[in-house]
Amino acid sequence: MKGKNYKFFKSLRFRILIILVIIGIVPSVIIEKGILDSYEDRAVSLRSSTVKTQCDILCNQLVRQNYLEDTSSEVINGEFALLSNVYSGRILIINKDYEIIKDTYDLEKGKTIISQEVIQCFKGESTSQYDRRNNYIEMTVPIQDTETRDIYGVMLISISTNEIVASLDILEQKGFRLLTVIIVLVLIFGYILAGILVKPFARVTKSIEDLTDGYLDENISVRDYTETELITDAFNKMLTRVKSLDDSRQEFVSNVSHELKTPLTSMKVLADSLVGQDNVPIELYQEFMQDITDEIDRENKIITDLLALVKLDKKASDMHIEKMNINDLLELILKRLRPIAAKRNIELILESFRPVNAQVDEVKLTLAISNLVENGIKYNKDNGWVRVSLNADHKYFYVTVADSGMGIPKESIDHIFERFYRVDKSHSTEIGGSGLGLSITRNAIVMHHGAIKVYSEEGEGTTFSVRIPINHIV
Ligand SMILES: Nc1ncnc2c1ncn2[C@@H]1O[C@H](COP(=O)(O)OP(=O)(O)OP(=O)(O)O)[C@@H](O)[C@H]1O
Ligand SMILES: [Mg+2]
């Protein structure tokens with residue numbers, strides 16, 4: 001269960017859901033806060049300006065009735081009481097000596113007040129301050145003669161904003177409820193939407209699984225998104241490669257079985273014909289036994305070659321790299337093959353353009369070059385030649401094996417490196433061979449990170465050229 005949860009939190013669906021929630025909820029919260037703030041600002045400024053107008057009117061009356069000299073006016077005191085009642089506030093009247101001559105709370109009368117706001121107000125500027133923490137607005141209004149502009153005193157009034165705060169609370173609650181609804185809706189729709197968005201990926205997985213289980217034979221295709229298209233295309237490419245590998249493996253197995261069976265069939269035919277006859281002359285026995293021995297040799301060679309190939313298919317770590325003189329190595333190869341060449345009077349020539357010392361696997365390189373020279377001898381005419389040359393630059397050394405033989409037809413050139421491939425099957429009995437020699441050669445060269453190329457003209461001869469790095473690349 002724990003694993004399943006973890007999987008969900010790691011899924012694309014969950015990520016999309018988170019993104020949708022962020023996109024949906026963050027703006028809603030910001031908007032809610034913005035609306036509440038601007039409501040508060042607006043309400044406070046509206047309240048201030050209403051009160052200010054009333055204070056201005058009242059101040060006019062104070063000047064006209066000379067209230068600052070005589071605070072006993074019933075009418076004005078009544079107006080003060082009304083104003084402070086309506087706005088649940090408090091009014092102080094301060095005279096030129098900064099003395100409080102009227103306090104609607106009757107607490108501070110007779111005291112002196114010197115605050116910054118009051119001083120500023122005596123200069124003719126009314127002030128207004130909103131104390132959000134304690135929920136009140138404090139204003140000062142100059143008591144001024146409208147004609148002479150003389151300031152006789154200051155009216156200091158503080159009014160409560162409890163009402164505004166109460167409305168704000170209600171609005172906030174409503175906003176919170178709305179926000180909760182939005183969150184729930186975003187979660188539900190986000191979950192569904194994320195599910196729809198990631199569905200094509202689930203389809204890709206399902207297609208691959210169906211293919212693995214064998215319900216599908218062909219390529220898969222999920223074209224909903226460019227991404228899924230790319231994934232399925234890449235998968236199909238891999239599938240084609242796996243199929244072709246599988247085909248070539250099957251072909252190889254059937255070729256091996258066939259090649260191994262051919263000598264056995266010949267032996268069986270030869271042996272059967274001896275067993276089936278009475279009084280077989282000793283000469284016939286000897287001749288058939290010689291044929292059987294030849295077939296055993298052939299079988300043996302195929303198995304040896306196959307084993308060599310299998311070894312070459314293994315990892316590069318099987319390489320035994322040593323620095324050695326390539327001129328000597330080629331000399332030795334030609335020396336070993338000279339007796340075979342001599343049988344058909346074929347000349348083996350070695351041309352060394354410079355001494356070459358390189359890091360190679362002696363056994364594998366010898367095998368590779370020997371196969372080429374052997375072919376040069378085998379597919380040659382009597383009295384012909386095989387020329388091996390060695391050259392090098394600062395990075396690679398080059399070996400070419402050229403012969404004066406029968407050449408390779410154009411249509412066969414691309415196939416000669418394939419396992420068991422032989423150019424003319426009718427030749428195969430005449431000139432023995434299993435068709436594995438060149439595969440072994442190429443594998444050995446590839447393991448040295450080298451390359452092999454072939455040029456051939458039918459009836460004229462063939463040249464194989466090999467390029468191998470002087471310093472082995474690990
Ligand atoms: N120098 C060459 N001249 C002409 N044909 C060649 C030459 N080298 C190779 N071929 C052709 O390529 C085929 C494949 O060569 P490869 O060496 O792989 O096999 P093989 O010689 O038939 O058998 P093996 O080398 O295993 O005994 C040969 O059967 C031959 O037809
Ligand atoms: Mg060969």
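In this predicted model, helix α12, which spans residues 437–447, is mostly covered, with 8 of its 11 residues buried. The buried positions of α12 are L438, S439, I440, T441, N443, A444, I445 and M447, and these residues pack against two helices, α7 (282–313) and α9 (362–378), as well as against the strands β11 (451–457) and β12 (461–469). Just after α12, the backbone at H449 adopts a positive phi of about 60°.

Positive phi values also occur in two loops. Most residues other than glycine have a negative phi. S88, which is not a glycine, nevertheless has a positive phi of about 40°; S88 is placed in the loop that runs between α3 (74–86) and β1 (89–95), and with a relative accessibility of 47% this residue counts as partly exposed. N279, likewise a residue other than glycine, has a positive phi near 45° and is found in the loop between α6 (226–276) and α7, the latter being one of the elements against which the buried residues of α12 pack. N279 counts as exposed because its relative accessibility is 78%, where the cut-off for an exposed residue is over 50%.

On the surface, D247, E251, D414 and E418 together form a negative patch. Among these residues, D414 lies in the loop that joins α10 (410–413) to α11 (425–430), and D414 is exposed, with a relative accessible area of 67%.

Key:
Residues are numbered from 1 along each chain as its sequence is written. Chains are lettered from A and ligands numbered from 1 in the order in which they are written. This is a predicted model: local features need pLDDT of at least 70, side-chain atom pairs count only at pLDDT 80 or more; totals for chains, interfaces and linings use all residues. Side-chain values use heavy atoms; hydrogens and water are left out. Patches are made of residues with over 30% relative accessible area and no salt bridge: like charges are joined within 9 Å, nonpolar side chains (Val, Leu, Ile, Met, Phe, Trp, Tyr) within 5 Å. Accessible areas come from the Shrake-Rupley method with a 1.4 Å probe; for residues, only the protein chains shown count as cover. A salt bridge is a side-chain nitrogen of Lys or Arg within 4 Å of a carboxyl oxygen of Asp or Glu. Lys and Arg count as positive and Asp and Glu as negative; His and the chain ends are not counted. The place of a charge is taken as NZ of Lys, CZ of Arg, CG of Asp or CD of Glu. Helices (H or I, at least four residues) and strands (E, at least two) are DSSP runs, numbered from the N terminus. Buried means under 20% relative accessible area, exposed over 50%, partly exposed in between (1.4 Å probe, protein chains only). Contact means heavy atoms within 4.5 Å.
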